[in-house]
Amino acid sequence: RSARESAHGAAAVARRQTLSWLFELYAVRYATNPRRRTVSNFLSNADVHDGPMPMDYFVWLAVSGEHAVLIDSGMDEATCRARGHTFLCDPVVAVGRLGVPSESIQHVIVTHMHWDHAGNLDKFPNAQFHIHPQDLGHACGPHMRHAALRRPYHVEHVCNAIRLLYREKVSFTGEKTEVVPGITTHHVGGHTPGMQVVSVHT
């Protein structure tokens with residue numbers, strides 16, 4: 001092989017390696033609440049500027065040639081309706097309609113353990129779950145004695161996460177963790193102690 005052919009072959013390999021890091025990223029809207037108001041989204045209930053603040057609810061599916069990664073797992077219909085929101089579709093079913101059935105999901109990243117992000121964990125039998133330890137610790141720690149602090153959580157969702165932990169299906173993330181090549185979690189805190197954001201190479 002000539003030097004030119006060797007260089008061309010090496011470039012092709014490099015391109016394939018780069019492409020294996022590239023993901024198609026889908027936003028799946030599964031619930032909404034057009035009736036929600038500003039005061040519902042903040043701790044204070046005395047804002048004189050209160051007004052409409054509709055909210056939509058999403059899970060995110062990242063797919064490459066090698067990996068299927070779900071970012072947050074949404075909630076079930078009963079929980080959604082009990083909390084006063086409009087349920088549009090089962091996020092597990094919706095992801096399946098994108099060509100990725102639940103048993104094909106390899107990784108589920110839980111950005112935080114609030115009820116609208118951490119439901120359906122038991123619906124992904126072959127997945128590894130990625131949670132920041134501060135978030136799981138907070139969700140089952142002493143702060144849950146206080147109604148205002150436990151309101152954003154659902155006890156069954158937390159119990160499902162603990163069951164997965166005991167089955168060695170939970171991986172704890174750090175300040176920055178590569179889940180698979182091209183997808184990285186970043187611990188930011190704030191919204192919850194273990195809140196993490198996700199970067200996806202698209």
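What covers the buried residues of helix 6? The tour comes back to this once the ground has been laid.

**Before selecting anything**

This is a predicted model, in which local features need pLDDT of at least 70, side-chain atom pairs count only at pLDDT 80 or more, and totals for chains, interfaces and linings use all residues. Residues are numbered from 1 along each chain as its sequence is written, and side-chain values use heavy atoms, with hydrogens and water left out.

**The whole chain**

Show the protein chain as a cartoon. It has six helices and ten strands. Helices (H or I, at least four residues) and strands (E, at least two) are DSSP runs, numbered from the N terminus.

Of the 202 residues in the chain, 43% are buried. Buried means under 20% relative accessible area, exposed means over 50%, and partly exposed is in between (1.4 Å probe, protein chains only). The chain exposes about 11,100 Å², an area from the Shrake-Rupley method with a 1.4 Å probe; for residues, only the protein chains shown count as cover. Carbon and sulfur atoms supply 56% of that exposed area.

A contact means heavy atoms within 4.5 Å. Among contacts between residues at least 6 apart in sequence, 64% join residues at least 24 apart.

**Stop 1: helix 6**

Select residues 155–166, which are helix 6. At 1.5 Å a residue, its twelve residues should span 16 Å, and the end C-alpha atoms are 17 Å apart, which agrees. The expected span is 1.5 Å times one less than the number of residues.

Now colour His157, Val158, Asn160, Ala161 and Leu164, the buried residues of this helix. Seen down the axis of helix 6, they fall within an arc of 160 degrees, so they line one face of the helix. The arc is that of the directions from the helix axis to the C-beta atoms. An α-helix has 3.6 residues a turn, so residues three or four places apart point the same way.

Turn to the other side of helix 6, where Val155 and Tyr166 are exposed.

To answer the opening question, add helix 2 (77–82), strand 6 (128–131), helix 4 (133–139) and strand 7 (170–172): the cover over the buried residues of helix 6 includes these elements. Before leaving, pick Glu168, just after helix 6, which takes a positive phi of about 60 degrees.

**Stop 2: Asp135 in helix 4**

Select Asp135, a residue of helix 4. Its relative accessible area is 1%, so Asp135 is buried. Which residues is Asp135 in contact with, leaving aside its neighbours within four places in sequence? They are His112, Met113, Thr192, Pro193, Gly194 and Met195. Then draw a distance from Asp135 to Gly189: the two are 54 residues apart in sequence and 8.9 Å apart in space, C-alpha to C-alpha.

**Stop 3: two salt bridges**

How many salt bridges does a search of the whole structure find? It finds two. A salt bridge is a side-chain nitrogen of Lys or Arg within 4 Å of a carboxyl oxygen of Asp or Glu.

Select Asp56 and Arg29, whose closest N and O atoms are 3.2 Å apart. Asp56 lies in strand 2 (residues 55–63) and Arg29 in strand 1, so the pair ties together parts that are 27 residues apart in sequence. Asp56 is partly exposed at 35% relative accessibility, and Arg29 is partly exposed at 40%.

Next select Arg81 and Glu77, with closest N and O atoms 2.8 Å apart. The two are four residues apart in helix 2, so about one helical turn separates them. Arg81 is partly exposed, with a relative accessible area of 45%; Glu77 is partly exposed at 38%.

**Stop 4: a nonpolar patch**

Show the surface of Leu25, Phe58 and Trp60, which form a nonpolar patch with about 250 Å² of accessible area together. Patches are made of residues with over 30% relative accessible area and no salt bridge: like charges are joined within 9 Å, nonpolar side chains (Val, Leu, Ile, Met, Phe, Trp, Tyr) within 5 Å. Leu25 is found in strand 1 (residues 24–33) and is partly exposed, at 37%.

**Stop 5: two loop residues**

Select Asp72, in the loop between strand 3 (68–71) and helix 2. Its phi is near 70 degrees, a positive value in a residue other than glycine. Asp72 counts as buried at 5% relative accessibility.

Finish at Asn120, in the loop between strand 5 (107–109) and strand 6. Asn120 has a positive phi of about 65 degrees although it is not a glycine, and it counts as buried at 5% relative accessibility.
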